[in-house]
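Reader: I would like to go through this model and ask what each label rests on. Please set the values against the cut-offs.

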Amino acid sequence: MIKKIATCLFTAVLLSHPGKTLMAQQKPNIIFIIADDLGYGDLGCYGATKIKTPHIDQLAKQGLRYTNGHTTSATCTPSRYALLTGQYPWRKNGTGILPGDAALIIPPGSTTVPSLLKKAGYQTAVVGKWHLGLGEAVEKNWNGEVKPSPNETGFDYSFIFPATADRVPTVFLENHHVVALDSSDPIAVNYKQMVGNEPTGKDHPELLKLKASPGQGHNQTIVNGIGRIGYMTGGKTARWVDEEVSTTFLAKAKSYIQDHHKKPFFLYFALTEPHVPRMPATMFKGKSGLGLRGDAILQLDWTVGQIMQQLKDLGIEKNTIVIFTSDNGPVLDDGYADEAVTKLNGHTPAGPLRGGKYSAFEAGTRVPWIMSWPGAIKPGVTDALLCQVDLLASFAKLTKQTLANADAPDSYDTWDAFTGKTKTGRSTLVQQGGAISIVNGHWKYIEPSKGAKILGGVNIESGSDEEPQLYDLSNDIGEKNNLANTHPDRVIALKTLLQQIRDAGRSRK
Ligand code: NG6
Ligand code: CA
């Protein structure tokens, strides 16, 4: 009898214990995976047939796939600035593509996605490409404490590279320090003039394993046989090997998840594929048949698969929101002769959209975007107009927080559309791709602007035109028929709306 009672009590404790774990773990983990320059047509689940992306397709199958999901901007820095701060980047000077030595552009201590989640009790981390500046000024000592960094913008932990894979310094930073730096070989970086005496791609093309495209720069300091943007000297032991960048980020992301999965965590996992220089691990080279860009996409897909497998292995896949998206649209020749153009083999990186990276046309900002939360989000597809700038206000809703009026001025709570509860997302979105455009409902107006219609080198239609452009996206997703002349009232209405959003200095009240 006594034995029986004891057994019962033990069971009760055991039963209550998993209950407690569940309570503590009620908040879902959030893993936000952002690719670099991945286009709307680059994945199997978005219609690609020439390249296989089984892992991301699986994520789409178990989650919600967006067909009208946008970044704010068609390049990295402004797009990520908006995503993290909830502010349209064109409201703030200095949010264009940053050099690798730029100062941090997010004011330390401001409300950001990670700082908001931190307030809700999340552990927060960034692993991957940063490109939002570091330190207080351009002139900084890379050999000491590099501060402020992502850690001052709401991330408890950071393992990043500063800018882009094609910009110096080609090193990783963990929290405030360059990883694996030898103090007897200090790093110096300069974007204006040569520092040190290392060979440049310009003077020593014979040393390159990946040649630069004519007229597109990428011919300053050579690191790992690749000419970069910017000059660098020193830090030999700290320099990355391109083939190991992605697997290094993956290893760091996995160990972060392993070490933090017992309590809610937010991981911003910023992958560098398929941005230039495309130099994936040896196991992916030559595997896609589409040249190094395709190989890099295979590596990206594999990486996502590794994370999904880890979530299963840890038993946290049900309580983890996985978001997969890109920071801007696709580009083929972005500075290196890597056969992206010649080996395209009929693949269409932008899918049915016009333009690409840098462009005001849809391919600039309409990106692949999947949100998976098994059990909580019904698998499917949504065509709601969604934007990354709204993640901040939407995560506020998820974590039951109220934003102060000054916070995230352009971020709206579209949580119900993000999770598929409603098909109504934003009504209006301002898009930045060189020229500024505004989408309202199914109408898109691109304001007149000067500038080349075809961007040299990258060979992308910029969307710039001195005439106003108006497209009806409901039946012309490829923006082929400019209706500005036949719908002048619509042009005036959209122009006025754009002006109001600009003048208000914010769009969220
Ligand atoms: C451009 C670079 C391009 C890429 C891009 C930033 C030249 C000619 N081109 O200026 O190679 O680095 O900046 O890409 O320098 S992004 O995805 O980070 O916005
Ligand atoms: Ca990018």
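Author: The exchange below takes up the ligand, the cysteines and the domains of this predicted model.

Reader: What makes a residue part of the shell around ligand 1, and which are the closest?

Author: A residue counts as near if one of its heavy atoms lies within 4 Å of the ligand. By that rule 19 residues surround ligand 1, and Cys-76, Asp-166, Arg-167, Asp-334 and Lys-357 are the closest. Sorted by class, the shell holds seven charged, seven polar and five nonpolar residues.

Reader: Why is the approach of Arg-167 to ligand 1 called a polar contact?

Author: The cut-off for a pair of N or O atoms is 3.5 Å. An N or O atom in the Arg-167 side chain is 2.7 Å from an oxygen atom of ligand 1, so the pair falls within the limit. Lys-129 also qualifies, with a side-chain N or O atom 2.9 Å from a ligand 1 oxygen. For the side chain of His-131 the distance is 3.3 Å, which is still within 3.5 Å. As for cover, ligand 1 has 450 Å² of accessible area on its own, and the protein covers 83% of that.

Reader: How do you know that Cys-76 is in no disulfide?

Author: A search of the whole structure finds zero disulfides. For Cys-76 the nearest cysteine sulfur belongs to Cys-387 and is 15 Å away. A disulfide needs two cysteine sulfur atoms within 2.5 Å, so the sulfur of Cys-387, at 15 Å from that of Cys-76, is too far for a bond.

Reader: Why are Cys-76 and Cys-387 called buried?

Author: Buried means under 20% relative accessible area. Cys-76 has 5%, so the term applies. Cys-387 has 0% and is therefore buried as well.

Reader: Which stretches make up domain 1 and domain 2, and what makes residues of the two count as in contact?

Author: Domain 1 consists of 23-186 + 233-422, and domain 2 of 430-504. Their C-alpha centres lie 27 Å apart. Contact, however, is judged on heavy atoms within 4.5 Å. On that test 27 residues from domain 1 and 27 residues from domain 2 take part.

Conventions. Residues are numbered from 1 along each chain as its sequence is written. Chains are lettered from A and ligands numbered from 1 in the order in which they are written. This is a predicted model: local features need pLDDT of at least 70, side-chain atom pairs count only at pLDDT 80 or more; totals for chains, interfaces and linings use all residues. Side-chain values use heavy atoms; hydrogens and water are left out. A polar contact is a pair of N or O atoms within 3.5 Å; within protein, one must be able to donate a hydrogen and the other to accept it, and residues adjacent in sequence count only if both atoms are side-chain atoms. Accessible areas come from the Shrake-Rupley method with a 1.4 Å probe; for residues, only the protein chains shown count as cover. Ala, Val, Leu, Ile, Met, Phe, Trp, Tyr, Cys and Pro count as nonpolar, Asp, Glu, Lys and Arg as charged, and the others, Gly among them, as polar. Buried means under 20% relative accessible area, exposed over 50%, partly exposed in between (1.4 Å probe, protein chains only). Domain bounds come from an automatic or database domain assignment.
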